[in-house]
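Thank you all for coming. I would like to walk you through one structure this morning, beginning with its charged pairs and then moving on to its cores and its empty space.

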Amino acid sequence: MSAPSSAASPTAWQLSGFGDEVDPDPAVQAAVMLALGASHIEVRSAWGVNVSELTPEQVTELKGILDAKGLKVSAVASPIGKVDISLPVEHEVERLRQIISVARGLDTKYIRIFSFYRGETQTPEEIRDDVITRMRALAAEAESAGVVLLHENEKDIYGDTPERVLDIMESVGSPALRVAWDNANFVQVGVRPYTDGYAMLRPYLEYLQVKDAVMATGEVVPSGEGDGELDATIAALKEDGYTGFASLEPHLAIQHELGGFSGPVAFGVAARAFATLAAKNGIELS
């Protein structure tokens, strides 16, 4: 009698995406995300209002719209840390308190953050200690509130390379600070994401932001069309047992300091490109 098959069942990841890359109207955002098979949405802005400026009434209205569609919130994509390092520590801590209230209102524990811009004449090494001081303060606030901060590796901030992201994680040493991994952003600072950074940062990786980019130009392109090593990254995450969120942030039409825009059609192109890579690696998206 032959032994029972030991073939592994497909891995399931929760599909999400930046709703404001689709449309300013959260009702349209939700409809498109659902049409693409997503169960979640990442909230950066609604009605053109950034999450750092949403009123309690707007948060309640937004939650009602998403609840009516049956869509949950994977994370609040805040602009915390996308400011100059010269601002006092309390500046971003106060903003974080407001955004924690938004996250609670939207029933999510995840808040995306960054690790500060420097002046034109400053080096990353010169701002390092001030960055760590601020990140520790933010993480302490998050710990006390029961939320988790997700540091996104963004070009031009302190934590733009794998080595400096690791420095932040190790130096802060908080369970309330984890990595939001973005392949495209690494490419845009000359890093081969999987080759140069995956093993280093995997112990802290808790959230996947889905973008790809071309090394020579920095242009953002659909998954698998650039130099972001997304196929290798996805395969490794599956092998490691990752079962978290995959959040689409295509940036296929416009990119600016606080985010980007794709529109429904380009967003759909990005979603299908990622779905192809996920299926190739035996991952079900829901």
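Let me start with the salt bridges, of which the count comes to 19 in this structure, and please keep in mind throughout that we are looking at a predicted model.

The pair I would like you to find is Glu-249 and Arg-44, whose side chains meet in a salt bridge with a distance of 3.3 Å from N to O. Where do these two residues lie? Glu-249 is in the loop between strand S12 (245-248) and strand S13 (254-256), while Arg-44 is in the loop between strand S2 (40-43) and strand S3 (45-46), so the pair ties together parts of the chain that are 205 residues apart in sequence.

Are these two residues buried or exposed? Glu-249 has a relative accessible area of 2%, and because anything under 20% is called buried, Glu-249 belongs in that class. Arg-44 likewise counts as buried, at 2% relative accessibility.

Glu-249 has a further partner in Arg-112, and in that salt bridge the closest N and O atoms are 3.9 Å apart. Arg-112 lies in strand S6, which covers residues 110-113, whereas Glu-249 is in the loop between S12 and S13, so this pair ties together parts that are 137 residues apart in sequence. Here, too, both Arg-112 and Glu-249 are buried.

If we now step back from the single pairs, we find a network of salt bridges that links Asp-20, Glu-21, Arg-44, Arg-112, Glu-152, Asp-182, Lys-211 and Glu-249.

A separate pair to look at is Asp-160 with Arg-164, which form a salt bridge whose closest N and O atoms are 2.7 Å apart, and both Asp-160 and Arg-164 are buried.

Staying with acidic side chains for a moment, let us turn to Asp-167, which has its place in helix H5, residues 162-172. Asp-167 has a relative accessible area of 17%, and since the cut-off for buried is under 20%, Asp-167 is classed as buried. Which residues does Asp-167 contact, once we leave aside its neighbours within four places in sequence? They are Arg-128, Ile-132 and Tyr-158.

Now for the nonpolar side. The largest nonpolar core has 73 residues, and those that touch the most other members are Trp-13, Ile-111, Met-135, Leu-138, Ile-168 and Leu-177. Helix H4, residues 124-145, gives the most to this core, contributing 8 residues. Apart from it lies another core, of 7 residues, including Ala-75, Tyr-110, Val-148 and Ala-180.

Tyr-110 also gives us a reference point for Gly-146, as the two are 36 residues apart in sequence and 9.7 Å apart in space, taken from C-alpha to C-alpha. Gly-146 has its place in the loop between H4 and strand S7 (148-152), and with a relative accessible area of 55% Gly-146 is exposed, because the class begins at values over 50%.

Finally, the empty space. How many cavities of 30 Å³ or more does a search of the whole structure find? The search finds 1, and the largest cavity has a volume of about 50 Å³. Of the 10 residues that line the largest cavity, Val-210, Val-221, Ser-223, Pro-250 and Ala-270 are the closest to its centre. By class, the lining is made up of 7 nonpolar, 1 polar and 2 charged residues.

Terms used: Residues are numbered from 1 along each chain as its sequence is written. This is a predicted model: local features need pLDDT of at least 70, side-chain atom pairs count only at pLDDT 80 or more; totals for chains, interfaces and linings use all residues. Side-chain values use heavy atoms; hydrogens and water are left out. Helices (H or I, at least four residues) and strands (E, at least two) are DSSP runs, numbered from the N terminus. Buried means under 20% relative accessible area, exposed over 50%, partly exposed in between (1.4 Å probe, protein chains only). Contact means heavy atoms within 4.5 Å. A nonpolar core is a set of buried Ala, Val, Leu, Ile, Met, Phe, Trp, Tyr and Cys residues joined through side-chain atoms within 4.5 Å. On a 1 Å grid over the protein atoms alone, a cavity is a set of points where a 1.4 Å probe fits but cannot get out, and a pocket is an open set with protein on both sides within 12 Å along at least five of seven lines; lining residues have an atom within 4 Å of a point. Grid points are joined across faces, edges and corners, and a volume is the space filled by probe spheres set on the points. Ala, Val, Leu, Ile, Met, Phe, Trp, Tyr, Cys and Pro count as nonpolar, Asp, Glu, Lys and Arg as charged, and the others, Gly among them, as polar. A salt bridge is a side-chain nitrogen of Lys or Arg within 4 Å of a carboxyl oxygen of Asp or Glu.
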